[in-house]
Amino acid sequence: MTDQEIIEQLNKGNEQYLKYLYEHLDMVKGWILKNSGNEEDALDIFQEAIIVFYRRLKGGSYEAKSKISTYLFAICKRQWYNQLNRRLKYEKPGGSVVNIDRRQEDFNPEITRRIPTLKKYMERALEKLGEPCKSLIVASVCLKLKMQEIAEQFNYSDAHSARQQKLRCMKKLRSYVSYEEVIRLQ
């Protein structure tokens, strides 16, 4: 399948042709693995790049000056560097997260005052989660920032991308939290 055929089909609204873009994933995965990432990071970054590419194509701002693979790779590189910068920006040398918003003082959940063991349990789960998910969840759930604010703060392309990343992070967090353990701690 040529780049031109893919572009023509996508312009016609045939989103099935997005699957042909995934043949370029290995190139991105190899590069991200060499640059402090893992396979999950590579897939997340690549999927974000596909979204950016598709939106630009449909919005008319995509210019076919290079191969689609080159275009996607450039987007992935930029997004990966942004993610690495976020990790550096929001982590102290000891690995703890820096407060990311002035509204931190507004956060006083009743449950953490009543049940210190539950608070510690959740803190451990968040630590396991790692960055940037930890900061993203703190920003969205604890600080109640709007998705547009989070997108700007974390350098996501838009609020939808931030929401998608939050959903992936929440899914990962749920795998670390046992409902039975939370009930027992209450």
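1. A disulfide is taken here as a pair of cysteine sulfur atoms within 2.5 Å, and by this rule the count comes to 1 disulfide. The bond joins Cys133 and Cys169, whose sulfur atoms lie 2.1 Å apart. The torsion about the S-S bond of Cys133 and Cys169 is about -70°, so the disulfide is left-handed. The pair links distant parts of the chain, with Cys133 in helix α7 (residues 133-142) and Cys169 in helix α9 (residues 159-176), 36 residues apart.

2. On the basis of the points below: this is a predicted model, in which local features need pLDDT of at least 70 and side-chain atom pairs count only at pLDDT 80 or more, whereas totals for chains, interfaces and linings use all residues. Residues are numbered from 1 along each chain as its sequence is written, and side-chain values use heavy atoms, with hydrogens and water left out.

3. On the overall fold, the secondary structure of the protein chain comes to 10 helices and 0 strands, where helices (H or I, at least four residues) and strands (E, at least two) are DSSP runs numbered from the N terminus. The elements of the protein chain accordingly read α-α-α-α-α-α-α-α-α-α from the N terminus on.

4. On burial, 40% of the 186 residues of the protein chain count as buried, a term that means under 20% relative accessible area, while exposed means over 50% and partly exposed lies in between (1.4 Å probe, protein chains only). Both cysteines of the disulfide fall in the buried class, Cys133 at 7% relative accessibility and Cys169 at 0%. Cys76 also counts as buried, at 1% relative accessibility.

5. On charge pairing, a search of the whole structure finds 6 salt bridges, each being a side-chain nitrogen of Lys or Arg within 4 Å of a carboxyl oxygen of Asp or Glu. One of them is formed by Lys29 and Glu39, with the closest N and O atoms 4.0 Å apart. Lys29 lies in helix α2 (residues 25-34) and Glu39 in helix α3 (residues 39-59), so the pair ties together parts that are 10 residues apart in sequence. Glu39 itself is partly exposed, with a relative accessible area of 49%.

6. Another salt bridge brings together the side chains of Arg168 and Glu48, at 3.5 Å from N to O. Because Arg168 lies in helix α9 and Glu48 in helix α3, this pair ties together parts that are 120 residues apart in sequence. The two partners differ in class, since Arg168 counts as partly exposed at 26% relative accessibility, whereas Glu48 is buried, with a relative accessible area of 6%. Both residues also belong to a network of salt bridges that links Asp44, Glu48 and Arg168.

7. A further salt bridge is that between the side chains of Lys65 and Glu63, at 3.1 Å from N to O. Lys65 counts as exposed at 73% relative accessibility, while Glu63, at 49%, counts as partly exposed.

8. On the surface, Lys119, Lys120, Arg124 and Lys128 form a positive patch; patches are made of residues with over 30% relative accessible area and no salt bridge, like charges being joined within 9 Å and nonpolar side chains (Val, Leu, Ile, Met, Phe, Trp, Tyr) within 5 Å. Among the members of the patch, Lys120 has its place in helix α6 (residues 116-129) and, at 51% relative accessibility, counts as exposed.

Terms used
Areas by Shrake-Rupley, 256 points an atom, 1.4 Å probe, with all protein chains shown as cover. Lys, Arg positive; Asp, Glu negative; His and termini not counted. Charge placed at Lys NZ, Arg CZ, Asp CG, Glu CD.
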